[in-house]
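Me: I have a model open and would like a close look at a single part of it. Could you pick one helix and walk me through its surroundings?

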Amino acid sequence: MFVMLGNMIKRDHFDSITEKLPGDVQDVAKVAEEGLRTIAKLSKGPWLEDGEQLKPCWSKTNFDEIEESRGYVTFSLTNGPEYHVSQIADAVVVARVLRATLVVPDIRGSKPGDERKFEDVYDVNKFIRSLDGVVKVVKELPEEISFRNLAVVKVPNRVTEDHIIENIQPIFKAKGNIRLATYFPSVNMRKSTEKSNADLVACLAMFGTLELQPDVNEVVDSMVERLRTLSRKSDGRFIAVDLRVDLLDNKGCHEGNGRKSCYGAHEIAVFLRKIGYDKDTTIYLTQSRWDSSLSVLKDIFPKTYTKENITPADKKEKFLDSEDSEFEKVIDFYLCSQSDAFVPAISGLFYANVAGKRIASGKNQILVPADISGSSASATDFISPYVLKKNHMAHSCFC
């Protein structure tokens, strides 16, 4: 899995924050203010106010009535929630174009035998209701259909209607039922230049179908609340940093052409200090367990925590102490989506899909790290291009 992630990281670096928008710094601030209603009102630290929560551009009235089902489409969710949202979108688009019935997926971890039911993590009834009138959904494949007889079809992420018709439909017609395996040629969450019906379906699937089931959501909410309690000196605000030592150690993380795709603990600490965060700032790290390499960050920001510090004691056995890391990945994804500021120390799909959720909810303080040559800089200079340029897919899905 790490090899795959490393290759993705190599292909998809952070958008260059040094790309200049027309004009000077005032123009950048104007874009943020007019386009996003994000005004740099400083209190204790460079905290930006949230913008308004956006409204979906899609509506089920946009979709033609679904026709009688012609077969089944099955698939599994793999590698964590940043992949799940994309895999869901692709599967729904394929089922819609093929006029097939979609089977609720299972969830598979990185180890053999690592399997969970969809409802262990997500609200299955919400999932089915949200797709009513778009595609027919069933919880299980009928008993008379064997998994062994399903044709496995590889599907590129953000699959197009043309690709489905040319490459998947002939197999579906011949076999009757198929199993999808989404692959990621690159991390591509940029806004499409032209909208299609498939794009509207993908928007609904990506942003309107997945909700955590109550037990999992309760744990995430309690951890967010704990972090806010620890952040009294910054009015309950905290930063989430996606920093995982295992990926930083991956040799594919750094490129030798002057562009960086990841930043270590010391680099993140220096970056945050230079853009104005003080030592009382609370920081949440996605690193699963404390690693000695993180001490340099904690020396500068003493209120730096990992899951083991803030997970409710009665939930640790289920959510942290099992061999399956699926719940930990879910906690990271949804906590980073709700934090007051988000710093992706690692480029990739996690950054891209967390950005999508944050943009939809108006949480636009996504700060892309950089090496700052001077002693200080403005946080607004490092707002993600996904936000400033409105080039994320979410901007096609929300108005």
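Reply: Happy to! Let's take helix H14, where Glu 326, Phe 327, Glu 328, Lys 329, Val 330, Ile 331, Asp 332, Phe 333, Tyr 334, Leu 335, Cys 336 and Ser 337 are buried. Please keep in mind that this is a predicted model.

First, the outline. H14 covers residues 326-338, 13 residues in total, and spans 19 Å from its first C-alpha to its last, close to the 18 Å expected at 1.5 Å a residue. Because 12 of those 13 residues are buried, H14 is largely enclosed by the rest of the structure.

The buried set includes charged residues, and two of them have partners elsewhere in the chain. Start with Glu 328, whose side chain meets that of Arg 289 in a salt bridge, at 3.4 Å from N to O. This pair links distant parts of the chain: Arg 289 belongs to the loop between strand S10 (282-285) and helix H11 (295-300), while Glu 328 is in H14, 39 residues apart. The two ends have their own surroundings: Arg 289 counts as partly exposed because its relative accessibility is 29%, whereas Glu 328 is buried, with a relative accessible area of 6%.

Next comes Asp 332, which forms a salt bridge with Lys 307 through their side chains, 3.0 Å from N to O. Lys 307 lies in helix H12 (residues 307-310) and Asp 332 in H14, so this pair ties together parts that are 25 residues apart in sequence. Here Lys 307 counts as buried at 0% relative accessibility, and Asp 332 counts as buried at 7%. For context, a search of the whole structure finds 9 salt bridges.

Now for the aromatic residues of the helix. The whole structure has 12 aromatic pairs. Among them is Tyr 83 with Phe 184, an edge-to-face pair at 5.0 Å centre to centre and 85° between the planes. Back in H14, Phe 333 and Tyr 334 also form an edge-to-face pair, with 5.3 Å between centres and 75° between the planes. Both Phe 333 and Tyr 334 are buried. Ring pairs also join Phe 333 and Tyr 334 with Phe 342 and Phe 350 in a cluster.

To put the pieces together: Glu 328 of H14 has a salt bridge to Arg 289, Asp 332 has one to Lys 307, and Phe 333 and Tyr 334 belong to a cluster of linked rings. That is a good set of residues to select as you look around this largely enclosed helix.

Note on methods:
Residues are numbered from 1 along each chain as its sequence is written. This is a predicted model: local features need pLDDT of at least 70, side-chain atom pairs count only at pLDDT 80 or more; totals for chains, interfaces and linings use all residues. Side-chain values use heavy atoms; hydrogens and water are left out. Helices (H or I, at least four residues) and strands (E, at least two) are DSSP runs, numbered from the N terminus. The expected span of a helix is 1.5 Å times one less than its number of residues. Buried means under 20% relative accessible area, exposed over 50%, partly exposed in between (1.4 Å probe, protein chains only). Rings of Phe, Tyr and Trp (its six-membered ring) pair if their centres lie within 6.5 Å; planes under 30 degrees apart count as stacked, over 60 as edge-to-face and the rest as tilted. A salt bridge is a side-chain nitrogen of Lys or Arg within 4 Å of a carboxyl oxygen of Asp or Glu.
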